[in-house]
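Trainee: Before we discuss the ligand and the empty space, may I see the model that we are to examine?

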Amino acid sequence: MNEVIQLLQSHRSIRKFTDDEIPQEALNELIKCGQSAATSSFIQACTVIQVEDKTKRDELVVLGGNQPYIASAARFLVFCADMNRHQLACNIHQAEMQSGFTEQFITATVDCALFAQNVITAAQSLGIQGVYIGGIRNQIQAVTDLLELPQLVYPVFGMCLGYPAQNPEVKPRLPLSVVLKKDSYYDESDPATIRDYDEQVREYYRTRTGGNKDTAWSEQISEMLVKEVRPHMLEYLKSQGYLLK
Ligand SMILES: Cc1cc2nc3c(=O)[nH]c(=O)nc-3n(C[C@H](O)[C@H](O)[C@H](O)COP(=O)(O)O)c2cc1C
């Protein structure tokens with residue numbers, strides 16, 4: 001394995017950080033790595049809000065579901081899907097922009113995810129690590145107001161970045177045969193493979209928690225997916241000008 005593959009396969013989310021700062025110049029380089037990601041039809045639909053204001057950070061801790069690392073990380077970034085500036089581009093050419101298409105929601109959101117994953121991977125190469133924060137969608141309208149996001153801009157997720165003060169084990173992923181299919185989707189061995197994987201995940205949690213938790217992957221997923229998930233999202237996205245057609 002080369003260094004890049006080793007780096008990618010050693011990813012862990014980090015939620016405890018040292019007090020070391022990330023210089024602005026280093027952060028700028030990470031953001032440029034994000035910008036280097038592929039982008040649907042060259043739309044470049046990701047805008048990052050770097051949250052420095054302490055009061056806003058503290059507020060985001062609460063809005064994000066009381067996740068204290070939003071405040072303790074050296075940097076906190078909010079990745080926004082942004083089709084607002086495209087309106088500016090259309091205005092330059094007196095073209096009337098057609099917005100609200102589901103396809104635009106997908107492309108802008110995918111752009112953001114690719115951008116962010118480049119940022120966190122580049123960060124990892126500098127010894128900086130972190131965690132994505134989907135929790136900011138718990139109270140997404142309040143986050144939108146706090147960051148003064150206009151129409152056609154929505155916060156997809158946040159990201160804490162800092163120097164790690166913990167060293168968790170790598171979380172085992174699904175076996176390759178479950179995620180890599182050849183020529184068609186169905187594979188009769190999936191249920192048995194998932195059961196084997198469940199045992200691996202139980203063991204991972206046992207080790208990580210000193211025996212306090214031993215939840216299987218399928219158990220975790222089945223508990224999660226019987227509940228509603230952020231049912232406010234559809235109305236919110238419509239109100240920001242997405243998912244209208
Ligand atoms: C889009 C996204 C949102 C996430 N949101 C949160 C979050 O709000 N809080 C948190 O602690 N972890 C969050 N995570 C981290 C996941 O829980 C984590 O990636 C997953 O459990 C796998 O663990 P690993 O990253 O250590 O391999 C998020 C991950 C992604 C990709």
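Mentor: On a 1 Å grid over the protein atoms alone, a cavity is a set of points where a 1.4 Å probe fits but cannot get out, and lining residues have an atom within 4 Å of a point. Points are joined across faces, edges and corners, and a volume is the space filled by probe spheres set on them. The model is predicted, so local features need pLDDT of at least 70 and side-chain atom pairs pLDDT 80 or more, while totals for chains, interfaces and linings use all residues. Residues are numbered from 1 along each chain as its sequence is written, and side-chain values use heavy atoms, without hydrogens and water.

Trainee: What volume does the largest cavity have?

Mentor: The count comes to 1 cavity of 30 Å³ or more. Its lining consists of His 11, Arg 12, Ile 120, Gln 124, Ile 128, Gln 129 and Gly 130, that is, 2 nonpolar, 4 polar (Gly among them) and 1 charged. The volume of the largest cavity is about 40 Å³.

Trainee: Which elements each supply at least two residues of that lining?

Mentor: Elements are DSSP runs, helices of at least four residues (H or I) and strands of at least two (E), numbered from the N terminus. Those that each supply at least two residues to the lining of the largest cavity are helix H6 (102-125) and E3.

Trainee: Which element gives the most to the lining of the largest pocket?

Mentor: A pocket is an open set with protein on both sides within 12 Å along at least five of seven lines. The largest pocket has a volume of about 1000 Å³, and of its 33 lining residues, Arg 15, Lys 171, Tyr 205, Gln 220 and Met 224 are closest to its centre. E3, helix H9 (190-208) and helix H10 (217-224) give two or more residues each. The most, 5 residues, comes from H9.

Trainee: Which space does the ligand take?

Mentor: 14 residues surround the ligand, each with a heavy atom within 4 Å of it. Strand E3 (residues 129-133) provides the largest share of this shell, 3 residues. The space taken by the ligand (more than half of its atoms within 2 Å of the grid points) is the largest pocket.

Trainee: What percentage of the ligand's exposed area does the protein bury?

Mentor: Polar side-chain atoms of His 11 and Arg 173 lie 2.6 Å and 2.8 Å from ligand oxygen atoms, and a backbone N or O atom of Gly 135 lies 3.1 Å from a ligand oxygen. Taken alone, the ligand exposes 620 Å² (Shrake-Rupley method, 1.4 Å probe). The share that the protein buries is 68%.

Conventions:
Polar contact = N/O pair within 3.5 Å; in protein donor to acceptor, adjacent residues only side chain to side chain.
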